[in-house]
Amino acid sequence: MSLPFASPELLGAALLTLAAAGVALLQGRRMRTVEERSEALEEQLATEKQAHAQAAEALAGSHEVLCRLVRQQEGVRDIERTRIARALHDELGQRLLSLRAELSLQQVAARSASPANHERLGGTIANLDAAIRSVRAIVSGMRPIAPGLSLRQALERHLTEFARLHGLDYRLDLGVEGNAGGVRARDLDAVLFRALQEALSNVACHAQASAVRVTLVETAGEVTLTVEDDGVGPAQPVRHGHGLEGMQQRATACGGTVRLSAGRRGGAVVRVSLPTHPEAAPA
């Protein structure tokens with residue numbers, strides 16, 4: 001039996017239909033492959049997001065623990081500093097004052113009997129006075145905020161004493177009072193006060209300054225302490241690292257920062273910024 005004759009038009013249409021069906025099938029397979037890949041990528045992305053969230057949570061927990069340890073360590077250090085400062089003041093300070101009194105009496109007695117001894121005793125007393133000033137400066141720098149004093153009063157008292165001991169002019173701009181009550185307020189006050197002590201110690205030892213300016217400003221959610229001197233500036237190698245590491249550790253434990261920069265008219269500027277909101281810093 002012979003097959004019926006098919007016209008070229010019919011044969012072409014059949015071929016086009018088969019080709020279209022093949023293309024549609026191929027596209028369908030490709031679409032399914034793309035969908036499967038998209039689903040796999042979405043699953044992978046979800047897994048990576050979950051892993052990232054877990055890592056961030058673990059990092060935040062580690063940071064919180066580290067900050068708590070830093071604050072506890074600083075509390076222990078403050079207790080030890082207070083003990084040493086009291087010992088220096090009560091023992092060494094009193095002995096130096098007694099020795100000065102004895103030398104002063106001997107100097108008076110030697111004024112007419114031995115002018116040379118009188119002069120030598122005068123030089124010894126001058127050196128002893130310098131030693132007494134150094135002891136007082138060390139004691140002042142080691143003490144935390146005295147009980148009953150606000151942050152404003154503690155900063156003002158310490159800066160006044162520092163300027164008197166080192167013969168510096170100073171300017172004090174305090175536009176904020178430490179918040180009363182609350183553990184965080186006390187933590188912030190202690191960090192700011194210790195930053196002032198270390199910044200001023202750096203000025204005394206390395207700045208070769210004649211004047212210092214201290215500013216305390218509170219804005220929305222942040223309190224900033226700025227200590228600026230007119231000395232040699234932060235470009236000098238000896239200025240680097242003195243006290244800044246300790247400041248940075250304490251500031252970081254409260255979610256803050258420490259920056260050292262050059263002053264507009266020479267000297268150095270130390271700026272300590274701390275968040276005032278509890279949620280801004282780890283508890």
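The exercises below, each with a worked solution, concern a predicted model of one protein chain.

Residues are numbered from 1 along each chain as its sequence is written. Because this is a predicted model, local features need pLDDT of at least 70 and side-chain atom pairs count only at pLDDT 80 or more, while totals for chains, interfaces and linings use all residues, and side-chain values use heavy atoms, with hydrogens and water left out.

**Exercise 1. The overall layout**

Determine how many helices and strands the protein chain has, and in what order they run.

Solution. Begin with the assignment, in which helices (H or I, at least four residues) and strands (E, at least two) are DSSP runs numbered from the N terminus. On this basis the protein chain has 5 helices and 5 strands, and from the N terminus on the elements run α-α-α-β-α-β-β-α-β-β.

Next, consider burial, where buried means under 20% relative accessible area, exposed over 50%, and partly exposed in between (1.4 Å probe, protein chains only). Buried residues make up 31% of the 283 residues in the protein chain.

Finally, turn to contacts, that is, heavy atoms within 4.5 Å. Among the contacts between residues at least 6 apart in sequence, 67% join residues at least 24 apart.

**Exercise 2. The nonpolar cores**

Identify which elements supply the largest nonpolar core, and which residues have the most contacts inside it.

Solution. A nonpolar core is a set of buried Ala, Val, Leu, Ile, Met, Phe, Trp, Tyr and Cys residues joined through side-chain atoms within 4.5 Å. The largest such core has 32 residues, and those with the most contacts inside it are L225, V272 and L274. At least two residues each come from α3 (151–166), α4 (183–207), β2 (211–219), β3 (222–229), α5 (244–253) and β5 (268–275). The largest share of this core, 10 residues, is supplied by α4.

Now follow L225 outward: leaving aside residues up to four places away in sequence, L225 touches L155, L192, A195, L196, V214, T215, L216, V270, R271 and V272. A second, separate core of 11 residues includes A85, L96, L128 and V135. In soluble globular proteins, nonpolar side chains tend to be buried together.

**Exercise 3. Salt bridges within and between helices**

For the pairs R100 and D129, E161 and R164, and E198 and R250, work out where the partners lie and how accessible they are.

Solution. A salt bridge is a side-chain nitrogen of Lys or Arg within 4 Å of a carboxyl oxygen of Asp or Glu, and a search of the whole structure finds 6 of them.

Take first R100 and D129, whose side chains meet at 2.4 Å, N to O. This pair links distant parts of the chain, with R100 in helix α1 (residues 8–113) and D129 in helix α2 (residues 115–142), 29 residues apart. R100 counts as partly exposed, at 28% relative accessibility.

Take next E161 and R164, which meet at 2.7 Å, N to O. Both lie in helix α3, 3 residues apart, about one turn of the helix. E161 is partly exposed, with a relative accessible area of 26%, whereas R164 counts as exposed at 52%.

Take last E198 and R250, whose closest N and O atoms are 2.4 Å apart. E198 lies in helix α4 and R250 in helix α5, so the pair ties together parts that are 52 residues apart in sequence. Both E198 and R250 are buried; within α5, R250 is listed as buried together with L244, G246, M247, A251 and A253.

**Exercise 4. Strand pairing around β2**

Establish how β2 pairs with β1 and with β3, and place R213 and D173 in that arrangement.

Solution. Two strands pair if DSSP finds at least two bridges between them. Strand β1 (residues 169–174) is joined to β2 by 6 bridges, and these strands run parallel. By contrast, β2 and β3 run antiparallel and are joined by 8 bridges.

For the individual positions, D173 stands opposite T215 in β2, and the bridge partner of R213 is E228 in β3. R171, D173 and R213 are also linked in a network of salt bridges.

To finish, look at the hairpin of β2 and β3, which has 2 residues between the strands and in which G221 takes a positive phi near 85°. Another glycine, G255, takes a positive phi of about 80° just after α5.
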